[in-house]
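Subject: Handing over the structure

Hi,

Here is the structure I promised to pass on to you. Please open it alongside this email, and take your time with it.

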Amino acid sequence: MLFISTENLKPGMILAMDIYIYNRETFKTLLLRKGQTLNITYINKIIFHNISGAYIKNQDNLDSANLWKEELEANLLPEIRDIFFKFKYNLEKIDTTCIRHISYLVDNLIIEIVNNKHLAYRTLEYNNYDDYIFQHCINVGILSISIGNTLGLNYKTLHELGISALLHDIGMMLIPLEILNKPEKLTHKESLIIREHPLKAVNKLKPFVSNDILMGIACHHEKINGTGYPYGLVGNEIHLFGKIISICDVYNALATNRYRGKSWNPIEIFQYINECNYFDYDILSVFLKNIIVYPLGNYVKLSNGKTAITTNINSDNVLRPTVQIINSDNTFGEVLDLMNNQNITITDKGHDFEYIVSSCLCGVKCRYDGKEITSEKIKKLVDEGKAIMVCPEVLGGMPVPRLPCEIKNNRVYTITSDDKTSYYISGAKKALEIAKKYGIKKAILKEKSPSCGSNHIYDGTFSRTLISGEGLTTKLLRQNGIEVISDEEYNND
Ligand code: SF4
């Protein structure tokens, strides 16, 4: 079996394991059963539930020895989110119980990482854009424990490193949201406020955790050449935990394109980390030798023109993994170890989405009335891997079916006059994040919808009267330079 990340799932692939969803109380519900052949509806379900990927059957009979415990992965995000919000709103709750809870999470992470070398330097690929800070801390925790493990740290030290890394950015919870979410460049004064986050966290956590844990948090923005903050420490003045966490912090920010507003490809990330002169040489060497540049289950493009999926990491050269070719009918083809095929290189990530498209146009029953209006021409773009589906209203938290909504005075109301604007704004932001994540510059969206309409929308009287106007998602996408056309324009073209 192969782990395939959600954006790379294709109709026709067969699930090798059950997929569950988990709520905050760890209640477990079966979403899709092992053996199920995926179709667009099922893939969309996986997208809607923010599941990072699925295990898919291929010809080999790999067992599940190298899989994360799925419960652990599912529980990490809500647990960390809870602890961070307690820290923000109710410091008294950051007591020994909370630290014991973090400690328990770290114990489980260490067991997973120590027992599972294949996954040691893998990060989790969350698809929940509102939770960036928590996702980031989890991934930095995983990477830091992985480095610590490779460096041979004893259990107690590894455990403290894990806690420090999971909490390294908790001080960001104390930075005003208007600064954190500011889309424009920060002023000098605002940048200085952001730079206070390590010491703010240290001051608040002092009564609860060890000095080493505090030092990791305090030093995670220090740089070996003395240009970091808050103290401008040089070389070995920086605590070991700070040296480790700083590499993982920058790597994960680069990998999620959150660093310096640029979209980074794996080779650029690798080169930047290697050449920036910010990190301890010995720790960096361990990291670069082991980091999974091309995560397992992701599509890559090869220099021979074929698309393949990564199936194994070669620790002798992380830029040359073992891959399996994806045939044009989406079946799995030849396995190539790129260490033994030096004439073939990876040239890019495998997906090449040109458009985002409204899900309801592609066979997904996500409309307010639970129906879809499939456009074969638009669905074909998805089948060919050229488009990714979004339903902003479902992404924003609206159920299916739901009451019809229309826009009036720039607000979105149901037919019973409930104001649902916040759901529509949230869905629009998520659609924009997806477009940005994949560098998509074009959208084909369903005309007349209060989210997706691009030329006409209903006038807010629920009398089926159309007026000129655009839906909230269309508006936000256009404000961000994404060209939006309607399904009608595309179908008639
Ligand atoms: S028009 Fe847009 S928001 Fe409405 S159901 Fe279709 S994809 Fe979802």
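Below is a short tour of what turned up. One thing to keep in mind from the start is that this is a predicted model.

**The ligand and its surroundings**

A good place to begin is the ligand. The residues around the ligand include four cysteines by name: Cys-360, Cys-366, Cys-391 and Cys-452. Serines appear as well, among them Ser-358, Ser-359, Ser-449 and Ser-451. The rest of the shell is made of Arg-367, Pro-392, Glu-393 and Lys-446. By character, this shell divides into five nonpolar, four polar and three charged residues.

**An open sheet**

Next, have a look at the sheet of four strands. The sheet is open, its pairing is parallel, and its order is β11-β10-β14-β17. At the edges you will find β11 (387-390) and β17 (483-486), each of which pairs on one side only. On average, neighbouring strands here are turned by 25 degrees against each other, leaving direction aside.

If you want to follow one pairing in detail, try β14, which covers residues 442-445 and pairs with β17 in the parallel sense over four bridges. Within that pairing, Ala-443 stands opposite Val-484 of β17. As a general point, side chains in a regular strand alternate between the two faces of the sheet.

**A hairpin with an unusual turn**

Which two strands form a hairpin with two residues between them? They are β12 and β13. These strands run antiparallel and are joined by four bridges, and Ile-407 stands opposite Val-412 in β13.

The loop between β12 (405-408) and β13 (411-414) holds Asn-409, and Asn-410 is found there too. Phi of Asn-409 is near 50 degrees, a positive value in a residue other than glycine. Asn-410 also has a positive phi, of about 65 degrees, although it is not a glycine.

Are these two residues buried or exposed? A residue with 12 or fewer other C-beta atoms within 10 Å counts as exposed. Asn-409 has 6 such atoms within 10 Å, so it is exposed. Asn-410 has 9 C-beta neighbours inside 10 Å and therefore counts as exposed as well.

**Two cis peptide bonds**

While you are looking at loops, there are two peptide bonds to check. The bond from Tyr-229 to Pro-230 is cis, with omega near 10 degrees. Pro-230 sits in the loop between α9 (211-218) and α10. Val-400 and Pro-401 are likewise joined by a cis peptide bond, with omega about -5 degrees. Pro-401 belongs to the loop between α14 (392-395) and β12.

**Helices**

How do α5 and α10 pack? Helix α5 (residues 155-166) and helix α10 (residues 240-255) meet at an angle of about 50 degrees, and their axes are 10 Å apart. The two helices are therefore oblique to each other. The crossing in which α5 passes α10 is right-handed.

Finally, take a look at Val-114, which lies in helix α3 (residues 96-115). With 14 other C-beta atoms within 10 Å, Val-114 is partly exposed. Val-114 and Thr-150 are 36 residues apart in sequence, and their C-alpha atoms are 9.1 Å apart in space.

That is the tour. Write back whenever you like, and enjoy exploring.

Best wishes

Note on methods. Residues numbered from 1 in each chain as written. Predicted model: local features only at pLDDT ≥ 70, side-chain atom pairs only at ≥ 80, totals over all residues. Buried ≥ 20, exposed ≤ 12 C-beta atoms within 10 Å, placed from the backbone. Near = placed C-beta within 6 Å. Nonpolar A, V, L, I, M, F, W, Y, C, P; charged D, E, K, R; others polar. Pairing = 2+ DSSP bridges. Axes fitted to C-alpha atoms, helices over the stretch in contact; angles between N-to-C directions. Parallel < 35°, antiparallel > 145°, perpendicular 65-115°, else oblique. Left-handed = near helix turned anticlockwise from the far one by under 90°.
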